[in-house]
Amino acid sequence: MKKNLVSINDFTKDEILHVLEMAKKFEENPDRSILNGKLIAVLFYEPSTRTRLSFESAIQRLGGRIVGFSEATNTSIRKGESLGDTIRTINQYTDMIIMRNPYDGSARYASEISTVPFINAGDGSNQHPTQCLLDLYSILQTQNTLDNLNITFVGDLKYGRTVHSLVKAMTDFNTTFHLVSPLELKLPSAVKYYIKKNKLPYYQYEKIEDAIPLSDIIYMTRIQQERFVDPVEYEKVKNSYILHANMLTNVKPNLKVLHPLPRVNEIDPSVDSTPYAYYFQQAKNGLYVRQALICYMLGIEV
Amino acid sequence: MKDKYNKKELKVSALENGTVIDHIPQGVVLQVLRALHLENFDDAFYLGSNLDSKKMGKKGIIKVSNKYFEKEDINKIALIAPTATIIEIKEYEIIKKTKVELPKEVIGLVKCINPNCITNNEQITTKFEVLNDFDDIKFRCYYCEKTMKKENLEFL
């Protein structure tokens with residue numbers, strides 16, 4: 001059966017672990033000619049430099065070729081072509097479709113139509129499963145395990161889709177969750193539901209300092225002003241969730257700080273030179289994970 | 001039992017032919033009416049609200065003359081009024097009495113509440129999973145994965 005990855009929940013725990021193991025091999029050697037003769041459609045209906053270049057690098061380093069677009073303005077979509085028709089056409093030319101689209105649910109819809117394997121590279125505010133895979137890989141590589149970890153999520157836990165996917169995915173690994181956010185941006189109950197369902201411990205904080213000494217991983221996210229109804233509330237909290245190097249004195253030796261990037265000011269540059277900073281390596285891991293994922297979905301083992 | 005039931009019906013008006021939608025939860029009678037597009041119906045229909053009910057405390061009831069509902073309409077009733085009973089009547093006799101059943105999936109009946117959902121931006125049949133968490137009924141869009149409450153249902 002044709003494989004799709006629309007949401008991280010489409011994969012079983014075993015499938016996730018398998019892809020992460022494959023990613024390790026690509027980290028050892030990312031240049032392999034195993035996608036020779038494969039043509040992959042990379043369709044970006046809205047710009048996203050980081051994700052698109054990461055996918056394209058992953059394909060090209062494996063010898064695959066690419067067709068597609070990086071924004072929708074110069075395509076037949078502007079002439080009013082439906083997403084369904086675009087996918088129906090392109091899947092006749094290519095071996096796989098990778099798509100980013102601003103509409104929520106566009107990925108599920110496209111995956112149903114596509115006759116070739118489909119990867120969601122972000123559908124609106126809904127899902128971005130390859131980010132989740134690279135987050136999992138980064139945790140695995142820095143801690144040598146995914147099991148029994150203390151993970152602290154900081155910032156916008158209400159709207160951050162990367163947080164929601166990662167929380168859900170980590171409930172399979174006996175995680176203890178530390179949730180640090182302003183009251184307005186607490187983790188939604190629909191996501192907490194998965195923690196509770198798995199009977200895992202979680203603690204909520206308003207101050208980041210309280211959670212730092214307990215953490216194996218600190219996952220930082222950006223708090224956006226437009227999320228606040230009251231600008232005064234934003235002004236009050238905006239500096240409370242910024243990580244500085246001097247806050248990382250009483251920490252576990254294995255602590256690593258992750259961030260989906262791009263950061264604005266939530267991680268002070270002073271953190272970059274500490275042994276705890278991992279966010280740039282994390283972005284690099286996106287390459288290996290995407291190489292592994294593409295090969296897995298095409299049925300190519302390494 | 002049967003006599004008592006008929007007496008209550010007579011409080012509104014007996015139907016010769018048609019359908020009685022009984023045991024509608026208090027407060028959603030008008031929502032049921034709108035979902036069935038009865039505002040455009042050109043035969044007689046009756047509404048009752050705040051009626052005493054042994055089972056439910058207060059309930060609502062709708063009686064529609066010369067009309068028998070299709071499966072799709074009955075599914076709509078089930079979504080808004082999961083306790084409802086559908087009673088079909090011919091020549092003052094009850095010919096069929098069924099309790100509505102909450103479906104597991106709702107296909108093509110309702111609109112997704114999320115304006116950024118692909119189903120609101122392209123011609124796609126909507127699809128929702130019905131989540132029944134301790135009688136707190138919610139609908140999760142199969143596409144955008146957003147969940148909406150019963151009160152927010154908008155029928156297509």
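These legends go with close-up views of a predicted model.

**View 1. Where chain A meets chain B.** This one zooms in on the contact between the two chains, built from 12 residues of chain A and 15 residues of chain B. On the chain A side, look for α3 (83–90) and α4 (106–113), each of which puts in at least two residues. The largest share of that side comes from α4(A), with 3 residues. As for chemistry, the chain A residues that touch chain B split into 6 polar, 4 nonpolar and 2 charged.

**View 2. The two domains of chain A.** Here chain A is shown by its domain assignment: domain 2 covers 130–283, while domain 1 is made of 4–128 plus 286–297. Between the C-alpha centres of domain 1 and domain 2 of chain A there are 26 Å.

**View 3. Where the domains of chain A touch.** Now we go in on the contact itself, in which 18 residues of domain 1 of chain A meet 16 residues of domain 2 of chain A. Which elements give two or more residues to the domain 1 side? They are α1 (13–28), β5 (118–123) and α10 (279–297) of chain A. Of these, α1(A) gives the most, with 5 residues. Sorted by class, the domain 1 side that touches domain 2 of chain A has 9 nonpolar, 6 polar and 3 charged residues.

**View 4. A hairpin in chain B.** Over in chain B, strand β2 (residues 45–53) and strand β3 (residues 57–65) run antiparallel and are joined by 7 bridges. The hairpin gets from β2(B) to β3(B) through 3 residues. To find your way along the pair, pick out Leu51(B), which stands opposite Lys59(B) in β3(B).

**View 5. Around Glu235(A).** Back in chain A, this close-up is centred on Glu235(A), a residue of helix α9 (residues 231–237). Is Glu235(A) buried or exposed? Glu235(A) counts as exposed because it has 11 other C-beta atoms within 10 Å, and the cut-off for exposed is 12 or fewer. Also worth picking out is Gln225(A), which is 10 residues from Glu235(A) in sequence. In space, the C-alpha to C-alpha distance between Glu235(A) and Gln225(A) is 8.6 Å.

Note on methods
Residues numbered from 1 in each chain as written. Chains lettered and ligands numbered in written order. Predicted model: local features only at pLDDT ≥ 70, side-chain atom pairs only at ≥ 80, totals over all residues. Contact = placed C-beta atoms within 7 Å. Helix = DSSP H or I, 4+ residues; strand = E, 2+ residues; numbered from the N terminus. Nonpolar A, V, L, I, M, F, W, Y, C, P; charged D, E, K, R; others polar. Domains from an automatic or database assignment. Pairing = 2+ DSSP bridges. Buried ≥ 20, exposed ≤ 12 C-beta atoms within 10 Å, placed from the backbone.
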